[in-house]
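The following exercises concern a single protein chain and are to be worked through with the model in view. Each task is followed by a solution in steps.

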Amino acid sequence: MIGPSEGVSAMNIREITIKNALARTGIEGYDYCLNPYVGCSHGCRYCYAAFMKRFSGHSEAWGDFVDVKTNAAEVLRRQLRRIRGGTLLIGTVTDPYQPLEKRYCMTRECLSALVPSSLEVHILTRSPLIVRDTDILRELSHVEVGLSITTNREDMKEVFEPRAPSIASRVDALKTLHDAGLRTYAFVGPLLPMDPRTLASMIEGAADEVLIDRLNYAGRVAGLLRSSGLAPLMTMHRVRTAARELHDILTEKGIPVSILFS
Ligand code: SF4
């Protein structure tokens, strides 16, 4: 167990070893994925990755356990000897910069292992902790760093992502990475209730590109939407309208933007 000062109180933490760090992925545009942890203490209410619990042997709720893959970097180095190139996404079913990363540095070690490789590295997080690794990120030959910025509204963040860092801190982190010369993107996914014009102003100057996606597993939060009274703000019509508005404002500002749903 770990103390509240590290932001992951009442958390079951296990150290595990693995045989493979890199895995093939079916995610469009990527050849490989890498997840230095199993589970995610951010515990977002809508998390699509909660299915991982079935494969982890944990009985705790999603968000209340994390397995730390302590040999991930060592295994990754071995696998990289056999890999010529391709695209890699770090953080497909966990947040690589969740609070435990401060203590374990698994993601940082994996990034170090990737420095000599020719893999094109993409990394996605909801945490400003990624700024700590700016030095290593800048050593990678091809890298793109993304911050999930799902709304401009901290009150919505509190409802859907109560344990994740503030929206303001994510925007600041994205700007810092951008100013450090890294290619950055904002992932507005899942799009939460927002003011598109305010969000566009926040992102401007911090992201080279913006991707917008919808809530893909609405069933997970159906009860929350009903009890919080937010269901009318999350209808497909409202989400499509907000996505289109955000798209058009960003386009006017000259920021490349894609909507990932129809
Ligand atoms: S940060 Fe990502 S992986 Fe972690 S709980 Fe939230 S959506 Fe899931």
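**Exercise 1. Locate threonine 150 and describe its surroundings.**

Step 1. Threonine 150 is found in the loop between strand S8 (142-148) and helix H6 (154-160). Helices (H or I, at least four residues) and strands (E, at least two) are DSSP runs, numbered from the N terminus. The model is a predicted one, in which local features need pLDDT of at least 70 and side-chain atom pairs count only at pLDDT 80 or more, while totals for chains, interfaces and linings use all residues. Residues are numbered from 1 along each chain as its sequence is written.

Step 2. Threonine 150 has 28 other C-beta atoms within 10 Å and is therefore buried. A residue is buried if 20 or more other C-beta atoms lie within 10 Å of its own, exposed if 12 or fewer, and partly exposed in between, with C-beta atoms placed from the backbone.

Step 3. Residues up to four places away in sequence being set aside, threonine 150 touches Val188, Gly189, Pro190, Leu191 and Leu192. Two residues are in contact if their C-beta atoms, placed from the backbone, lie within 7 Å. For leucine 191, the C-alpha to C-alpha distance to threonine 150 is 5.2 Å, at a separation of 41 residues in sequence.

Step 4. Two of these partners, glycine 189 and proline 190, are joined by a cis peptide bond with omega about -5°. Proline 190 belongs to the loop between S9 and H8.

**Exercise 2. Determine which residues of helix H8 are buried and what covers them.**

Step 1. In H8 (residues 196-203), the buried residues are Pro196, Leu199, Ala200, Met202 and Ile203.

Step 2. These residues cover an arc of only 160° around the axis, which puts them on the same side of H8. The arc is that of the directions from the helix axis to the C-beta atoms.

Step 3. The cover over them includes helix H7 (167-179), strand S9 (183-188), strand S10 (209-212) and helix H10 (236-252).

Step 4. Just after H8, glycine 205 adopts a positive phi of about 85°.

**Exercise 3. Compare the burial of helices H2 and H4.**

Step 1. H2 (residues 72-80) has Ala72, Ala73 and Leu76 as its buried residues. Viewed down the axis of H2, they fall within an arc of 90°, so they line one face of the helix.

Step 2. Their cover includes strand S2 (22-24), strand S5 (65-69) and helix H4 (106-114).

Step 3. In H4, the buried residues are Met106, Thr107, Arg108, Cys110, Leu111, Ala113 and Leu114. Because 7 of its 9 residues are buried, H4 is largely enclosed by the rest of the structure.

Step 4. Cysteine 110 touches Ala72, Ala73 and Leu76, and also Leu34 and Pro36, not counting residues up to four places away in sequence.

Step 5. Cysteine 105 lies in the loop between helix H3 (100-104) and H4. Its phi is near 55°, a positive value in a residue other than glycine. With 16 other C-beta atoms within 10 Å, cysteine 105 is partly exposed.

**Exercise 4. Is alanine 61 buried or exposed?**

Step 1. Alanine 61 is placed in the loop between H1 and S5.

Step 2. Alanine 61 has 10 C-beta neighbours inside 10 Å and so counts as exposed.

Step 3. Between alanine 61 and glycine 43, 18 residues apart along the chain, the C-alpha separation is 8.8 Å.

**Exercise 5. Which residues surround the ligand?**

Step 1. The residues around the ligand are Cys40, His42, Gly43, Cys44, Cys47, Ala49, Thr94, Asp95, Arg126 and Ala164. The criterion is a C-beta atom, placed from the backbone, within 6 Å of the molecule.

Step 2. This shell divides into 5 nonpolar, 3 polar and 2 charged residues. Ala, Val, Leu, Ile, Met, Phe, Trp, Tyr, Cys and Pro count as nonpolar, Asp, Glu, Lys and Arg as charged, and the others, Gly among them, as polar.

**Exercise 6. Describe the chain as a whole.**

Step 1. The chain has 10 helices and 11 strands. Of its 262 residues, 43% count as buried.

Step 2. The C-alpha atoms fill a box of roughly 50 × 40 × 35 Å, taken along the principal axes.

Step 3. Among contacts between residues at least 6 apart in sequence, 75% join residues at least 24 apart.
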